[in-house]
Amino acid sequence: DATLLNQLIHYDKDDMNESTLNLIREKYIAQLDPEKLIKVSKAATGLCLWVRAMECYDRIIRIVKPKQYLLDIANDTLYESRNKLDIKKDELKVIEKDLLLLEKKKNKSVSKLKDLKLDEDLCRLKLIRAEEILLSLGNENDRWRSEVDYCLQCESKLPGDVLIASL
């Protein structure tokens, strides 16, 4: 058949019949020895190697297919996890930006607090000095009152003192 080679090349190896594969395994794999068959026919040897390769492919795909399925599930999970991670990273960037703004605001508040404490200390010092001045002025007030009283007494005696002094 002229299309046999093309049919073998495009054979759907993923959809092989299980009963046919079991028959090939039981009857032909052990009997078909490519080293003995090459002495008889090169074409038959090629066909024998193709049948053995298809049987080998089926054995391997039975092992690999469940693992491939699990790999696909793991890749889907990984894809979803990476998407979630990207979302969380974006959220983290927003939070970090907010945190940076809050830290700047905190630093300004701390600086303002230091300034206010310095102003408070300066005001306390001014109040202490003002109290000292008021106390000292209070003492001066008493001294001035006694001076005023003395001057008033002197004023009432002044006409008599002037009279005595003129004589």
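Student: Let me get the term straight before we start: a crossing is left-handed if the near helix is turned anticlockwise from the far one by less than a right angle, and right-handed if clockwise. Is the crossing of α2 and α4 left-handed or right-handed here?

Tutor: In this predicted model, α2 and α4 cross in a left-handed way.

Student: Thanks! At what angle do the two helices pack, and how far apart are their axes?

Tutor: Helix α2 covers residues 18-28 and helix α4 covers residues 42-166. They pack at an angle of about 120°, and their axes are 11 Å apart. That makes α2 oblique to α4, because angles of 65 to 115 degrees would count as roughly perpendicular and those over 145 as roughly antiparallel.

Student: Which residues make that contact?

Tutor: From α2 you have Glu-18, Leu-21, Ile-24 and Arg-25. On the α4 side, the residues are Val-51, Glu-55, Asp-58, Arg-59 and Arg-62.

Student: And how many of them are nonpolar, polar or charged?

Tutor: By class, six residues in the contact of α2 with α4 are charged, three are nonpolar and none is polar.

Student: On to charges, then. How many salt bridges does the structure hold?

Tutor: There are eight salt bridges in the structure. In one of them, the side chains of Glu-18 and Arg-62 meet at 1.7 Å, N to O. Glu-18 sits in helix α2 and Arg-62 in helix α4, so this pair ties together parts that are 44 residues apart in sequence.

Student: Is Glu-18 buried or exposed, or something in between? And what about Arg-62?

Tutor: In between, for each. Glu-18 counts as partly exposed, at 33% relative accessibility. Arg-62 is partly exposed as well, with a value of 42%.

Student: Which residue forms a salt bridge with Arg-59?

Tutor: Glu-55 does, with the closest N and O atoms 2.8 Å apart. Arg-59 and Glu-55 are four residues apart in helix α4, so about one helical turn separates them. Arg-59 counts as partly exposed at 44% relative accessibility, whereas Glu-55 counts as buried because its 6% is under the 20% cut-off.

Student: What about Arg-143, which residue does that one pair with?

Tutor: Arg-143 forms a salt bridge with Glu-140, and their closest N and O atoms are 2.9 Å apart. These two are three residues apart in helix α4, so about one helical turn lies between them. Arg-143 is partly exposed with a relative accessible area of 41%, and Glu-140 is partly exposed with 31%.

Student: Which residues do shared salt-bridge partners join into one network?

Tutor: Glu-18, Arg-25, Glu-55, Asp-58, Arg-59 and Arg-62 are joined that way.

Student: Why would side chains like those pair up at all?

Tutor: Side chains of opposite charge can pair when their charged atoms come close.

Student: Last topic: where does Ile-61 lie?

Tutor: Ile-61 lies in helix α4, and it counts as partly exposed at 21% relative accessibility.

Student: How far apart are Ile-61 and Asp-14, in sequence and in space?

Tutor: They are 47 residues apart in sequence, and in space 8.3 Å from C-alpha to C-alpha.

Conventions: Residues are numbered from 1 along each chain as its sequence is written. This is a predicted model: local features need pLDDT of at least 70, side-chain atom pairs count only at pLDDT 80 or more; totals for chains, interfaces and linings use all residues. Side-chain values use heavy atoms; hydrogens and water are left out. Axes are lines fitted to C-alpha atoms, for helices over the stretch in contact, and angles run from 0 to 180 degrees between N-to-C directions. Angles under 35 degrees count as roughly parallel, over 145 as roughly antiparallel, 65 to 115 as roughly perpendicular and the rest as oblique. Contact means heavy atoms within 4.5 Å. Ala, Val, Leu, Ile, Met, Phe, Trp, Tyr, Cys and Pro count as nonpolar, Asp, Glu, Lys and Arg as charged, and the others, Gly among them, as polar. A salt bridge is a side-chain nitrogen of Lys or Arg within 4 Å of a carboxyl oxygen of Asp or Glu. Buried means under 20% relative accessible area, exposed over 50%, partly exposed in between (1.4 Å probe, protein chains only).
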